[in-house]
Amino acid sequence: MNPEIQRLHDLRAMLTRHARLYYVYDSPEISDYEYDKLYAELKALEEKHPEDFDPTSPTQRVGGTPLDKFEKVVHGVRMDSLADVFSFEEVEEFAASMQALVDAPFFSVEPKIDGLSVSLIYENGIFVKGATRGDGAVGEDVTQNLRTVGAVPLKLAEPLTLTVRGEVYMPRASFEKLNLAREAQGQSLFANPRNAAAGSLRQLDSKITAERGLSIFVFNLQSGELYADRENPTSHTDTLARLRELGFTTLKDTACTDRADSILSHIELLGQKRDDLPYDIDGVVIKLDALSDRMTVGEGTNTPKWAVAYKFPPEQKQTRLVDVEIAVGRTGVLTPTAILEPVRLAGTTVSRATLHNLGFIREKDIHIGDTVTVQKAGDIIPEIVCAHPEKRSGSEKVFYMPTHCPSCGEPVFYDEDEGAAARCLGNACPAQLSRAVEHFASKGAMDIDGMGPQIVELLLSKGLIHNVADLYTLKKEQIAELDRMGDKSAANLIDAIERSKSAGLERLIYALGIRGIGEVAAAALAARYGSLSACFDATREEILALEDFGEITADNILAFFANPKNLALCQTLLDLGVKDTPVAAPRGTKLEGLTFVLTGTLPTLSRDEAGEKIKSAGGKVSGSVSSKTSFVVAGEAAGSKLTKAKTLGIPVIDEDALLAMLKD
């Protein structure tokens, strides 16, 4: 064999071994510098000998050509989710129910990784396809992106054909590195490693995925044979051992027991170790270990009957409330924000938490300087659970809302119609203007890509804009002169501003920031009036005749269009070429006649994404629960809407059920 070809093959084997030591066993034998030198040598040899191309080479993990979209993948075996339980009593009930159905069952108890479920398909030992779970029956082809994940073996130890299921996650170290880089670039930060992993795996450009440091644990054999020459394992525990032999990274900190009290002990142990793990877990999975027992117990409609997921309660930490800052919103509402001594919570360092309003502060008896307990609602939004008066030293201070706006100095008015909300009534309040421009440019409104808070502040501070209409008079040269901007960034922003002119009437109405008018109400107004100018002459009776529109909402709309400054602003927007005609999106009929209310944090979809899917299938999305509501789609940390739905007897479904409805 040609000596160069032999060296090429040796380097592939060497680098594959070192990558496995690094990603799978966390025990590297060489430094990153040495690895990079060997990698560079291999890449040079492969470029010199293209005839020896190998798709399983370590050099093929860097990412491929960007995709236009993800193709759909029909799963050969359904990728069902697990039923959730939230108490030890429910875990004991599950164990007892299994013991009643099968003789002397053993249970596998393992961490529930907080990530994104995928399937990996191998043919003759070669990785050929990977897909997201999707709705369980149909997912998205993310093969290119999964090839960049170091812990995904591109070639198995034996030439077997099989499909496995795993959880892609972002290690905490990768998450911290990613958010530090985004902060340095002025980009928004990811809320937690789970969201970061999901966003990274669904990048159309796999080169971006390759930079994100994702990893994977494989936790199940979906289909195929684990041995070519003898019988397959008969238990889940033995299956995982065999998967490790083939090159997969499997879950750690697992247990196998036949006793309910041992299950609970392992849950407690994992809960205690949770903070010290290099990755996030949000619960513990309990499964029947014997595969024959699983066959006996069977499957439910959307979940297996032989397994449950115990979900940890929201992680809580104590810290000190150092101060209270006041933020002024686009409608002038003053919102107090707690400034906290930084504390690590649910994957991120938390230093701020909303205090909502003065009523919330008084109800919780919160003082500046207090020790407080904080958690993240839905693992995303930091909130104060309670204060600890017993830990006061006497130096704490009672908080009072300001009598004058901290932004413009105008007197503050307390609005009894909004729960005694404090509101600045200044006509030229800089904070209100900044928030108004940010809202106008936001994704749900005019969707001006690149028009973030920092750019808005720069435009205002330089006197380049004085209202939202001024955005449409900006020149590329003006933007290019701003800090951290250049010709290319300026040209992109000007293009985005120009595209926003065609956003459509319902987005335009929402973008205007009329008090109480969200996306659903804006869509209803657009459908009723057909143009912005027609809204100028709307009557109270007409507005009240619209579904879910009350007197306060009607009065807010009338007051907005009765204001000469607002009318002048609307006319200026139209004169500058902003179109006020409805944009007809293609709609299906699967959900026609059904009204949905979204509440809480959904596992994989944002509320906007879920709402768009519902509307594109012919359904309606409402912001409030009523007797006309067909379904409430509830996620984590669902609030008063869920409570009202249960009171009214409205069916409550989860994201999986919604996706199933969209499919069926």
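Is C424 buried or exposed? At 3% relative accessibility, C424 counts as buried, where buried means under 20% relative accessible area, exposed over 50%, and partly exposed in between, with a 1.4 Å probe and protein chains only. The model is a predicted one, in which local features need pLDDT of at least 70 and side-chain atom pairs count only at pLDDT 80 or more, while totals for chains, interfaces and linings use all residues. Residues are numbered from 1 along each chain as its sequence is written, and side-chain values use heavy atoms, with hydrogens and water left out.

**Cysteines**

A disulfide is taken here as a pair of cysteine sulfur atoms within 2.5 Å, and a search of the whole structure finds 0 of them. C424 is accordingly in no disulfide, and the nearest cysteine sulfur, that of C408, is 3.4 Å away. For C535, the closest cysteine sulfur is in C570, at 8.7 Å, which is too far for a bond; C535 counts as buried at 5% relative accessibility.

**Nonpolar cores**

A nonpolar core is a set of buried Ala, Val, Leu, Ile, Met, Phe, Trp, Tyr and Cys residues joined through side-chain atoms within 4.5 Å. The largest has 53 residues, of which I448, M451, L471 and I509 touch the most other members. With contact meaning heavy atoms within 4.5 Å, and with residues up to four places away in sequence not counted, M451 touches A441, V456, L459, L471, L493 and I497. Apart from this core lies another, of 33 residues, which includes V118, Y122, V168 and I216.

**Antiparallel strands β12, β13 and β14**

Helices (H or I, at least four residues) and strands (E, at least two) are DSSP runs numbered from the N terminus, and two strands pair if DSSP finds at least two bridges between them. Strand β12 (residues 316–328) and strand β13 (residues 334–345) run antiparallel and are joined by 7 bridges, with D323 standing opposite I339 in β13. The hairpin of β12 and β13 has 5 residues between the strands, and in this hairpin G332 takes a positive phi near 90°. β13 also pairs in the antiparallel sense with strand β14 (residues 348–354), over 6 bridges, and the partner of R344 in β14 is T349.

S351 has its place in β14 and is partly exposed, with a relative accessible area of 33%. Leaving aside neighbours within four places in sequence, S351 is in contact with A338, I339, L340 and P342. The C-alpha atoms of S351 and L605, 254 residues apart along the chain, are separated by 26 Å.

**The parallel sheet and helix α24**

An open sheet of 4 strands has the order β22-β21-β23-β24, with parallel pairing; its edge strands are β22 (620–622) and β24, each of which pairs on one side only. β23 and β24 pair in the parallel sense over 2 bridges, and V652 in β24 is the bridge partner of V632.

In helix α24 (residues 655–663), the buried residues are E655, D656, L658, L659 and L662. They cover an arc of only 160° around the axis, taken from the directions from the helix axis to the C-beta atoms, which puts them on the same side of α24. What covers these buried residues includes β21 (595–599), α22 (607–616), β23 (631–634) and β24 (652–653). The N-terminal end of α24 is capped by D654, a side-chain oxygen of which lies 2.9 Å from the backbone nitrogen of A657.

**Positive phi outside glycine**

Most residues other than glycine have a negative phi, and most peptide bonds are trans. The table gives two residues that have a positive phi although neither is a glycine.

| Residue | Phi | Loop between | Relative accessibility |
|---|---|---|---|
| A104 | about 45° | α3 (88–101) and β3 (107–113) | 66%, exposed |
| D447 | about 55° | α12 (430–441) and α13 (453–461) | 39%, partly exposed |

**N220 in strand β8**

N220 is found in strand β8 (residues 215–224) and is buried, with a relative accessible area of 16%. The side chain of N220 makes a polar contact with the side chain of Q222 at 3.4 Å, a polar contact being a pair of N or O atoms within 3.5 Å; within protein, one must be able to donate a hydrogen and the other to accept it, and residues adjacent in sequence count only if both atoms are side-chain atoms. Leaving aside its neighbours within four places in sequence, N220 is in contact with V164, R165, H236, L243 and R294.
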